[in-house]
Amino acid sequence: MKKQELKVAVFTSQQRDMRVIGIVLTHLKSANYTFTVAERTPSATVDVALVDDSDPEMRKRLATVLASKPSLPVVHLVSEVGLAGAQCELLSNQLMMQLLPTLERLLHSLANQPPAAPAASPTSTVTTLPPTRNRLRALVVDDSQTVRTQLANVMSNIGMACDIADGAKAALAQLANRQYDLIYVDVMMPDMDGYTLTREIKRNRNNKAPVIILTSQSSPFDRARGALAGCDIFLTKPVGLKQFYAATTKALRKSMAVDDLSDWITDPTQAKARAHA
């Protein structure tokens, strides 16, 4: 199948970022797209944009393009996730590892969006959350019984249902029969490593769940392998409760396209404080 050719407008004055973006889009291959960097002053023919959110001048230039093409997908390069309040954010220091997966996820999500619903009246409340669901469900894949039990307890504490799998084959069998909101994957497993499992999960277009790799492997090479496999977040064990909750909410916000998850999951630090009040 012929790949879709897309032009990327880059709005940054950081020469290092420009070089990294050029290297990634030129040398790393996407399964579905061929990316080329547009000219310095892009026209309305560009397909996606990257903008340095810390640079007011770059945001102004982007605004000019958006005036003629308001539906243009935009990836905001940020120093800390959540500062820009944008739907698609990418940490500037993760450009090399996460740029291509971020672009692919953004474009895939836009391509699979349902037709826009009729405009709601001023008194209506519109939500993108599934109306028939009242509890989020995660799948934990790890060959360690201890880790599976610990994660299942954490899931219960933050208000999520949890299924467990002791290996990749068991996980794929469960994924064939059930949809999950989030998947946690270990790397070192006997039947299939976590990178291969992540690629298998991402290859299935019916699966919309983000994948968090949770592993004791912490080298830059391991992180790069995780990014190339398509994982949404890479966490290194041991993970503190606060960091775990932050990663979980970050992944869910992107996949569910909502900012407020308070009706769906509970901050474990707040729950603990209430229990001791």
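## Surroundings of helix 6

In this predicted model, the cover over the buried residues of helix 6 includes three helical or strand elements named here by range: strand 6 (137–141), helix 5 (168–175) and strand 8 (182–185). Strand 9 (211–215), helix 7 (220–229) and strand 10 (233–236) also belong to that cover.

## Buried face and start of helix 6

Helix 6 spans residues 194–203, and its buried residues are Gly194, Tyr195, Leu197, Thr198 and Ile201. These residues lie on the same side of helix 6, because the arc they cover around the axis is only 160°.

Tyr195 also takes part in a contact at the start of the helix: its backbone nitrogen has a side-chain oxygen of Asp193 within 2.9 Å.

## The five-stranded sheet

Strands 6, 8, 9 and 10 recur in an open sheet of five strands, whose order is 7-6-8-9-10 and whose pairing is parallel. The edges are formed by strand 7 (161–165) and strand 10; each has a single partner strand, so one side of each has no neighbour in the sheet. On average, neighbouring strands are turned by 20° against each other, with direction ignored.

The pairing of strand 9 with strand 10 is parallel and runs over four bridges. Ile212 is found opposite Ile233 of strand 10.

## Helix 4 on the sheet

Helix 4, residues 145–157, packs on this sheet and touches strand 6, strand 7, strand 8 and strand 9. The direction of helix 4 makes about 165° with that of strand 7.

Conventions. Residues numbered from 1 in each chain as written. Predicted model: local features only at pLDDT ≥ 70, side-chain atom pairs only at ≥ 80, totals over all residues. Heavy atoms only, no water. Buried < 20%, exposed > 50% of the residue type's maximum accessible area, 1.4 Å probe, protein only. Helix = DSSP H or I, 4+ residues; strand = E, 2+ residues; numbered from the N terminus. Arc of directions from axis to C-beta. Contact = heavy atoms within 4.5 Å. Polar contact = N/O pair within 3.5 Å; in protein donor to acceptor, adjacent residues only side chain to side chain. Pairing = 2+ DSSP bridges. Axes fitted to C-alpha atoms, helices over the stretch in contact; angles between N-to-C directions.
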